[in-house]
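Biologist: I have a model in front of me and would like to know how its labels are earned. Could you walk me through the reasoning behind them?

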Amino acid sequence: LLGLGLHSFLAGIGFGASTDLSAAASLAIAILAHKYLAAFALGCPFYKSGVPFKQHLMIGVCFGIITPIGIGIGWALSDGLESWVSDIFISIASGTFMYVAIIEILVPEFSDGKKR
């Protein structure tokens, strides 16, 4: 949750801080295109672990509002920032996505000793 949440938050900041309309449109498409996959990647381990449904719902709602919070913060900060700052947030968000995908999702799913 922490890695995907950080990724979503930083992607939201990058989107909110975007000053170029075409870059913002591209980011919006990218965020929408993979948000459901990130939610699926978050939900599968919880389903396997037997976490109660109320906790699933609470975590899902928190995960769903992290990106809009990041967008609001990025938008609020965009007036005083240069355009390259948005690019830095997007780069960090991309790096966190790679980390989450490799370390937190792929390694546990394909590690030996796990019951299926």
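Modeller: Gladly; what follows is a conversation about the labels and the values behind them.

Modeller: One thing before we start: this is a predicted model. Its chain has four helices and zero strands, and from the N terminus on the elements run α-α-α-α. The C-alpha trace spans about 50 × 30 × 20 Å along its principal axes.

Biologist: How do you know that α3 has the span expected of a helix?

Modeller: Helix α3 covers residues 53–77, which is 25 residues, and at 1.5 Å a residue these should span 36 Å. The C-alpha atoms at its ends are 37 Å apart, so the two values agree.

Biologist: And what spans do α2 and α4 reach?

Modeller: With 29 residues, α2 reaches 42 Å from its first C-alpha to its last, close to the 42 Å expected. For α4 there are 28 residues and a reach of 40 Å, close to the 40 Å expected.

Biologist: Where do these helices bend, α2, α3 and α4?

Modeller: In α2 the bend is about 35°, at H34. The kink in α3 is about 25° and lies at I66, shortly before the proline P68. In α4 a kink of about 30° is centred on V100.

Biologist: What makes A93 buried?

Modeller: Its relative accessible area is 3%. A residue is called buried when that value is under 20%, so A93 at 3% earns the label. A93 sits in helix α4, and its C-alpha is separated by 19 Å from that of S22, 71 residues apart along the chain.

Biologist: Which other residues of α4 are buried?

Modeller: Besides A93, the buried residues of α4 are V85, S86, T96 and V100. V100 is also where the kink of α4 is centred.

Biologist: Which residues are buried in α2 and in α3?

Modeller: In α2 they are A24, L27, I31, A38 and L42. In α3 they are I59, F63, I66, T67, G70 and G74, and I66 is the site of the kink in that helix. Over the 116 residues of the chain, 27% count as buried.

Biologist: Why are C44 and C62 called partly exposed?

Modeller: Partly exposed lies between the two cut-offs, 20% and 50% relative accessible area. C44 is at 25%, so it counts as partly exposed. C62 is at 38%, so the label is partly exposed there too.

Biologist: How do you know that C44 is not in a disulfide?

Modeller: The sulfur atoms of a disulfide have to be within 2.5 Å. For C44 the closest cysteine sulfur is in C62, 19 Å away, and that is too far for a bond. Looking from C62, the closest cysteine sulfur is that of C44, again at 19 Å and too far. A search of the whole structure finds zero disulfides.

Biologist: What lines the largest pocket?

Modeller: There are 13 lining residues, and A41, C44, I105, L106 and E109 lie nearest the centre. The elements giving two or more residues to this lining are α2 (21–49) and α4 (83–110). The most come from α4, with eight residues. The volume of this pocket is about 250 Å³.

Biologist: How do the residues of that lining divide into nonpolar, polar and charged?

Modeller: They come to nine nonpolar, no polar and four charged. Cys counts as nonpolar and Glu as charged, so of the residues nearest the centre, C44 falls in the nonpolar group and E109 in the charged one.

Biologist: How many cavities of 30 Å³ or more does the structure hold?

Modeller: Just one. What makes a cavity is that a 1.4 Å probe fits inside but cannot get out, whereas a pocket is open. The largest cavity holds about 50 Å³ of space.

Biologist: Which residues line the largest cavity?

Modeller: The lining is made of H7, S8, A11, I31, H34, K35, A38 and T67. At least two residues each come from α1 (2–16) and α2, with α2 giving the largest share, four residues. By type, the lining has three nonpolar, four polar and one charged. H34 of this lining is also the residue at which α2 bends, and T67 of this lining is among the buried residues of α3.

Conventions
Residues are numbered from 1 along each chain as its sequence is written. This is a predicted model: local features need pLDDT of at least 70, side-chain atom pairs count only at pLDDT 80 or more; totals for chains, interfaces and linings use all residues. Side-chain values use heavy atoms; hydrogens and water are left out. Buried means under 20% relative accessible area, exposed over 50%, partly exposed in between (1.4 Å probe, protein chains only). On a 1 Å grid over the protein atoms alone, a cavity is a set of points where a 1.4 Å probe fits but cannot get out, and a pocket is an open set with protein on both sides within 12 Å along at least five of seven lines; lining residues have an atom within 4 Å of a point. Grid points are joined across faces, edges and corners, and a volume is the space filled by probe spheres set on the points. The expected span of a helix is 1.5 Å times one less than its number of residues. The bend at a residue is the angle between axes fitted to the seven residues ending there and the seven starting there.
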